[in-house]
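User: I'd like to go through this chain in questions and answers, with the cut-offs spelled out along the way. Please show it first.

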Amino acid sequence: MTSIGQSRPRRSRFAGLAAAALLASLVTVVPTQSAQAAVTLLSQGRPATASSTENGGTPATAAVDGNPATRWSSQFSDPQWLRVDLGSTAAITQVVLQWEGAYATAYQIQVSADGGNWTTIYSTTSSTGGTQTLNVTGNGRYVRMYGTARNGGYGYSLWEFQVYGDNGTTPPATGYVLANPQVTGVTPSTYNPPHAYFHEFQANCAFSHDRPDDPIVYPGLPGASHMHTFMGNRTTNAASTLSTLQAGGTTCVAPGDKSGYWMPTMYNGNQVVTPVGPQVIYYKTGVNDYTSVRPFPPGLRFVVGSPNATADQFMFGSVEGWECGESYHNADFPAYCPVGTQVNVRYQAPSCWNGLYLDTPDHKSHMAYPVNLVCPASHPVALPMIEFKMAFPVSGDMSQVRLSSGRGYSFHYDFFNAWDPATQAALVNHCIRGGLQCNARGYDETQPGRGAALNANYQLP
């Protein structure tokens with residue numbers, strides 16, 4: 001059995017062949033909460049029409065599908081327009097256009113209540129293409145780009161046409177937490193970087209407290225959840241927010257990691273089984289292009305797994321299932337563990353983010369697992385892959401061992417990011433993007449010449 005502080009080669013549930021071509025990626029930071037900033041992305045997935053299309057592969061809907069690899073393009077004449085139906089009247093505050101090489105040098109942004117009578121809220125005759133973020137003011141159900149002059153002999157072509165604003169609902173519905181800034185215009189990387197066997201660092205965080213709270217699933221409702229075992233931030237409770245976590249203390253060896261980590265409490269009969277000492281939470285790459293991984297945005301939160309999972313669903317996210325002694329690949333707890341051993345579990349989180357939300361109503365859909373080691377187009381932003389490696393000091397007869405959420409395959413965990421941004425960035429850049437196998441200091445003992453990301457006190461030097 002590998003010790004709790006080591007990482008040994010294991011098969012990955014998400015392994016596959018990655019393409020070798022390098023695609024250029026364009027990152028646009030879209031502010032979301034200022035006097036004229038966008039409130040909610042209203043256009044994505046909405047019905048779209050156009051004055052014309054170049055061919056069947058460039059429909060109007062491709063400009064509002066959230067996929068930066070698909071586009072609308074028109075026939076080669078002037079004028080041309082692209083229109084999106086928001087479904088109801090909205091106060092429009094921002095429009096983002098991501099032009100392909102064939103762009104408009106002169107165009108207008110127009111709004112309409114009925115799709116027939118149009119009001120211009122932005123106009124230019126000197127556009128230079130690229131990604132353009134326009135702060136605007138207007139009201140309407142329909143929004144269109146009306147192009148009157150092109151930069152060349154081709155038509156008009158947009159990768160994405162994004163309309164932001166307020167349509168009178170809680171943006172966009174209860175349970176969504178907007179990222180600020182939002183990250184758009186990212187193309188999932190298929191670059192094949194130089195081989196590095198490891199690309200990870202550890203967060204070593206000890207047990208803090210048990211409490212029947214869950215600030216992600218049941219925010220503001222103390223006692224509403226099954227019992228959870230909390231690690232990391234010492235203050236995590238039902239009322240926790242990013243600011244309260246940032247103000248709290250931590251059991252993690254790196255003082256800059258004030259994140260909240262929690263999982264269902266384990267019992268042996270009615271006796272609580274508490275993990276002893278710092279547990280290992282790996283931060284790894286989940287994608288082939290480890291150089292594309294970026295730090296978690298402050299306040300990102302999600303749930304990994306489900307208390308209602310089947311055995312097969314649990315095994316999808318686990319590395320080996322529950323294990324002790326020489327018993328591996330168990331969806332439920334082994335019937336017996338050699339006396340003096342511990343029962344272990346390693347469980348991997350999704351690592352691809354949609355760039356738009358810090359949380360969603362199901363606490364999962366803003367995150368996705370990579371497909372063949374590449375992030376899907378719907379979730380193009382590669383973040384660290386968290387892997388819990390938990391060791392519980394229970395052995396012998398395991399028939400009375402259970403979780404507060406049920407059987408062993410109901411294991412799941414929650415993560416609420418409250419890292420100091422500079423500290424996390426230093427570890428991600430040095431260890432994950434640098435292709436190292438780092439401890440909690442960001443130091444790879446097999447490559448001492450590469451140095452460490454943090455000093456002896458686990459802080460930035």
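User: Among contacts between residues at least 6 apart in sequence, what share joins residues at least 24 apart?

Analyst: Happy to start there. This is a predicted model, in which local features need pLDDT of at least 70, side-chain atom pairs count only at pLDDT 80 or more, and totals for chains, interfaces and linings use all residues. With contact taken as heavy atoms within 4.5 Å, the share of those contacts that joins residues at least 24 apart is 75%.

User: What radius of gyration does the chain have, and how does a compact globule with 461 residues help to judge it?

Analyst: The radius is taken over C-alpha atoms, and the globule rule is 2.2 Å times the number of residues to the power 0.38. The C-alpha atoms fill a box of roughly 80 × 50 × 40 Å along the principal axes. For 461 residues a compact globule would come out near 23 Å, which agrees with the chain's own 25 Å.

User: How many helices and strands are there in the chain?

Analyst: Both are DSSP runs numbered from the N terminus: helices are H or I with at least four residues, strands are E with at least two. Residues are numbered from 1 along each chain as its sequence is written, and side-chain values use heavy atoms, with hydrogens and water left out. The count is three helices and 31 strands.

User: What percentage of the residues counts as buried?

Analyst: Buried means under 20% relative accessible area, exposed means over 50%, and partly exposed lies in between, using a 1.4 Å probe and protein chains only. The accessible surface of the chain comes to about 18200 Å², with 51% of it on carbon and sulfur atoms. Of the 461 residues, the buried portion is 52%.

User: Which residue forms a salt bridge with Arg 141?

Analyst: A salt bridge here is a side-chain nitrogen of Lys or Arg within 4 Å of a carboxyl oxygen of Asp or Glu, and the count comes to eight. Arg 141 in strand 8 (residues 131–150) pairs with a residue of strand 5 (residues 80–99), 56 residues apart. Arg 141 is partly exposed because its relative accessibility is 28%, while its partner counts as buried at 14%. The closest N and O atoms are 2.7 Å apart, and the partner is Asp 85.

User: How far apart are the closest N and O atoms of Lys 284 and Glu 200?

Analyst: Lys 284 and Glu 200 are both buried. The two form a salt bridge, which links strand 18 (residues 279–284) with strand 12 (residues 200–205), 84 residues apart. The closest N and O atoms are separated by 4.0 Å.

User: Why does the pair of Asp 332 and Arg 407 tie together parts that are far apart in sequence, and by how many residues?

Analyst: This salt bridge has its closest N and O atoms 2.5 Å apart. Asp 332 is in the loop between strand 21 (327–330) and strand 22 (336–337), and Arg 407 is in the loop between strand 30 (401–403) and strand 31 (412–416), so the parts joined have a sequence separation of 75 residues.

User: Which residues do salt bridges with shared partners join into one network?

Analyst: Two of the members have appeared above as a pair, Lys 284 with Glu 200. The one network is made up of Glu 200, Lys 284, Arg 346 and Glu 387.

User: Which side chain of opposite charge is nearest to Asp 359, and how far away is it?

Analyst: Asp 359 belongs to strand 25 (residues 357–359) and is buried without a salt bridge. For charge, Lys and Arg count as positive and Asp and Glu as negative, with His and the chain ends not counted. The side chain of Asp 359 does make a polar contact with that of His 363 (3.2 Å). The nearest opposite charge is Arg 301, at 4.6 Å.

User: With which side chain does the side chain of Asp 289 make a polar contact?

Analyst: Asp 289 is found in the loop between strand 18 and strand 19 (301–305). Asp 289 is also buried with no salt bridge, and Arg 433, the nearest opposite charge, is 7.5 Å away. A polar contact is a pair of N or O atoms within 3.5 Å; within protein, one must be able to donate a hydrogen and the other to accept it, and residues adjacent in sequence count only if both atoms are side-chain atoms. At 2.4 Å, the partner is Ser 189.

User: Is Gly 56 buried or exposed, and with what relative accessible area?

Analyst: Gly 56 sits in the loop between strand 3 (48–50) and strand 4 (72–73). Its C-alpha atom is 26 Å from that of Ala 106, 50 residues apart along the chain. Gly 56 is exposed, at 78%.

Key:
Areas by Shrake-Rupley, 256 points an atom, 1.4 Å probe, with all protein chains shown as cover.
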